[in-house]
Amino acid sequence: MATRLARKLPSSFSAFSSSPITKLTSGISPPSMSHGGPGLRCASSSSSSSTTTTGSNSSSSKREKKITDRLSAVIDAVNDRKLPPELRGQRNKVISETDIINVVEQRIWHSMEEGQFENLAGKGKPLNLNTNPHADPAEDTLYRILSKNGCAPEWVELNKEIRNKVSEWRVALKKAWTSKCNGNDEEKWIESCEPLKKQLRDINDKVFRYNLIVPFGRQMFGLKWEKEVARLEE
């Protein structure tokens, strides 16, 4: 019986080895486990990509820093050129505009000592005030036409009117205050304050209009009742 089984085993094994499953699986090799298997290979690839990203970020930040440094150097060079030659290269020593003004004044004094202002064109002659080189050409022409015809701009006339009214108002206020200080009734002071406050509002309205039409830099402040009375109390 054993001999018969032994004779039949090779035939069964040969049949098994020639089966389709065996042929399909014979070409499949087990996965390589080098470097810790597929899992570790994925980890190594992700770490390499993160290293590449970090390297690119650092290089971009270096480029930005380099550009910023170059721009700062250009700005410093431009600002340095704005300074007088005596202060160039010493911007850290320039604390305020006074340092620059001192340099300008020294230059003026040296020029005067050297006589550079002695032979100026028009020396000893009256200044020509018909034109203003710092004014707008259109406004300058308008002012010259008004001046030739004996007129003044509206804001000039309004300025005179405001100053005259302020002067008259302060005289009236001082008179009422003196009357109060001489022992007059408090009710009389209150009665005299009402028209004075009305006049103050009218003056401030004129000041508001004046500030709207006057050239920039020549605006004036209005009057304040408390401030004017406090000045009298002093």
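Q: Is glutamate 228 buried or exposed, and at what relative accessibility?

A: Glutamate 228 counts as buried, because its relative accessibility is 6% and the cut-off for buried is under 20%. Do keep in mind that this is a predicted model.

Q: Which side chain meets glutamate 228 in a salt bridge at 3.0 Å, N to O?

A: That is arginine 170. The two ends of this pair sit in distant parts of the chain, with arginine 170 in helix 6 and glutamate 228 in helix 8, 58 residues apart. Arginine 170 has 32% relative accessibility, so it counts as partly exposed.

Q: What about arginine 231: which residue is its salt-bridge partner?

A: Glutamate 228 again, with the closest N and O atoms 2.9 Å apart. Here the partners are three residues apart in helix 8, so about one helical turn separates them. Arginine 231 counts as partly exposed because its relative accessibility is 45%. Put the pairs together and you get one network, in which salt bridges with shared partners join Arg170, Glu228 and Arg231.

Q: How many salt bridges does the structure hold?

A: Seven. Another one to look up is glutamate 154 with arginine 209, whose closest N and O atoms are 2.3 Å apart. Glutamate 154 belongs to helix 6 and arginine 209 to helix 7, so this pair ties together parts 55 residues apart in sequence.

Q: Are glutamate 154 and arginine 209 buried, exposed or partly exposed?

A: Glutamate 154 counts as partly exposed at 45% relative accessibility. Arginine 209 also counts as partly exposed, at 42%.

Q: Now for the nonpolar side chains. Where should I look, and which residues have the most contacts inside the largest nonpolar core?

A: The general idea is that nonpolar side chains tend to be buried together in soluble globular proteins. In this model the largest nonpolar core has 20 residues, and those with the most contacts inside it are Ile162, Trp169, Trp189, Tyr210 and Trp225. At least two of the core's residues come from each of helix 6 (154-181), helix 7 (186-213) and helix 8 (225-233).

Q: Which helix gives the largest share of this core?

A: Helix 6 does, with eight residues.

Q: What does tryptophan 169 touch, not counting residues up to four places away in sequence?

A: Its contacts are Leu196, Gln199, Leu200, Ile203, Leu223, Trp225 and Glu228. Two of those names should ring a bell: Trp225 is itself among the residues with the most contacts inside the core, and Glu228 is the buried glutamate we started with.

Key. Residues numbered from 1 in each chain as written. Predicted model: local features only at pLDDT ≥ 70, side-chain atom pairs only at ≥ 80, totals over all residues. Heavy atoms only, no water. Core = buried A, V, L, I, M, F, W, Y, C linked by side-chain atoms within 4.5 Å. Buried < 20%, exposed > 50% of the residue type's maximum accessible area, 1.4 Å probe, protein only. Helix = DSSP H or I, 4+ residues; strand = E, 2+ residues; numbered from the N terminus. Contact = heavy atoms within 4.5 Å. Salt bridge = Lys/Arg side-chain N within 4 Å of Asp/Glu carboxyl O.
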